[in-house]
Amino acid sequence: MSARTVRHWLMKNEPDEFGYHHLEQRGRGGWDGVRNYQARNFLREMAIGDLVLFYHSSTQPPGVAGIATVVGTAEPDPTQFDPASPYHDPASDPAAPRWDWVTIAPVRRLRYVTLAELKELPELASSRLLARGNRLSVFPLTAEEFDAVARRADAG
DNA sequence: GCCAACGTTGGC
DNA sequence: GCCAACGTTGGC
């Protein structure tokens with residue numbers, strides 16, 4: 001038995017670009033476009049079986065749409081080498097790629113939990129999710145934070 | 001559309 | 001190494 005316990009994460013995306021419904025349609029998907037070193041380093045810490053809250057940002061209202069799980073660990077994000085991609089990074093050396101992605105798959109859709117609801121959860125009061133000025137698109141949650149959101153969704 | 005917050009870039 | 005300028009994020 002592995003001693004490693006499942007870790008919990010939150011990942012943000014704009015639903016118009018890649019929302020939870022897209023993940024459901026495709027079955028699995030590479031999480032491309034992360035171009036922030038701190039977020040990338042979190043991607044590199046992810047292990048298969050880790051659980052992810054899939055958050056919709058820059059939409060009205062923002063909120064958590066579902067649960068996903070990591071099915072593929074970090075590997076080079078191909079969009080960094082694609083000149084046609086908005087995520088193209090000409091400074092990234094193919095011999096030492098700068099940016100990674102992970103592959104995730106849906107676990108279950110949640111009743112949509114809006115940001116306004118998240119702000120009311122005492123378990124999230126000190127979470128990075130609600131921290132002022134937090135713009136990171138990938139970051140860890142505690143199991144307590146993750147469970148509080150799932151319970152809120154299930155409570156209707 | 002506005003704006004606060006933050007990361008990155010580049011001149012020095 | 002500093003820091004001003006600039007670009008991006010993301011809620012409102």
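**Two DNA strands and a mixed sheet: a conversation**

Biologist: How do the residues of the surface near DNA strand B divide into nonpolar, polar and charged?
Modeller: "Near" means that a heavy atom of the residue lies within 4 Å of the strand. Ala, Val, Leu, Ile, Met, Phe, Trp, Tyr, Cys and Pro count as nonpolar, Asp, Glu, Lys and Arg as charged, and the others, Gly among them, as polar. Asn36, Tyr37, Arg132, Gly133 and Arg135 surround DNA strand B. That surface divides into one nonpolar, two polar and two charged.

Biologist: Good start! What kind of model is this?
Modeller: Residues are numbered from 1 along each chain as its sequence is written, chains are lettered from A and ligands numbered from 1 in the order in which they are written, and side-chain values use heavy atoms, with hydrogens and water left out. Local features need pLDDT of at least 70, side-chain atom pairs count only at pLDDT 80 or more, and totals for chains, interfaces and linings use all residues, since this is a predicted model.

Biologist: Which residue has a polar side-chain atom 2.6 Å from a base oxygen of DNA strand B?
Modeller: Of the atoms of strand B within 4 Å of the protein, 70% belong to sugar or phosphate and the rest to bases. A polar contact is a pair of N or O atoms within 3.5 Å; within protein, one must be able to donate a hydrogen and the other to accept it, and residues adjacent in sequence count only if both atoms are side-chain atoms. The residue 2.6 Å from the base oxygen of strand B is Arg135.

Biologist: And which residue has a side-chain N or O atom 2.4 Å from a base oxygen of DNA strand C?
Modeller: Strand C is surrounded by Lys12, Tyr55, Ser57, Ser58, Pro62, Leu115, Lys119 and Arg135, a surface with three nonpolar, two polar and three charged residues. Of the strand C atoms within 4 Å of the protein, 76% belong to sugar or phosphate. Phosphate oxygens of strand C lie 2.7 Å from a polar side-chain atom of Tyr55 and 2.4 Å from one of Lys119. For the base oxygen, the residue is Arg135.

Biologist: Ser58 is by strand C too. Is Ser58 buried or exposed?
Modeller: Ser58 is found in the loop between β3 and β4, and its phi is near 50°, a positive value in a residue other than glycine. Most residues other than glycine have a negative phi. Buried means under 20% relative accessible area, exposed over 50%, and partly exposed in between, with a 1.4 Å probe and protein chains only. At 64% relative accessibility, Ser58 therefore counts as exposed.

Biologist: Which residue is joined to Gln60 by a cis peptide bond?
Modeller: Most peptide bonds are trans. Here omega is about -5°, and the partner lies in the loop between β3 and β4. The residue joined to Gln60 is Pro61.

Biologist: What is the order of the strands in the open sheet?
Modeller: Helices (H or I, at least four residues) and strands (E, at least two) are DSSP runs, numbered from the N terminus, and two strands pair if DSSP finds at least two bridges between them. β1 (residues 8-13) and β3 (residues 51-56) pair in the parallel sense over six bridges, while ten bridges join the antiparallel β4 and β5. The six strands form a sheet of mixed pairing, in the order β2-β5-β4-β3-β1-β6. Each pairing on one side only, the edge strands are β2 (29-30) and β6 (138-141).

Biologist: Which residue makes a polar contact with the side chain of Asp89?
Modeller: Asp89 sits in the loop between β4 (63-76) and β5 (100-114), and with a relative accessible area of 13% it is buried. Not counting residues up to four places away in sequence, Asp89 touches (heavy atoms within 4.5 Å) Gln80, Arg98 and Trp99. The polar contact, at 2.8 Å between side chains, is with Trp99.

Biologist: Last one: which residue has its backbone nitrogen 2.9 Å from a polar side-chain atom of Ser127?
Modeller: Ser127 is in the loop between α4 (115-118) and β6 and is buried, with a relative accessible area of 2%. Leaving out residues up to four places away in sequence, Ser127 touches Leu141 and Glu145. The backbone nitrogen belongs to Leu129.
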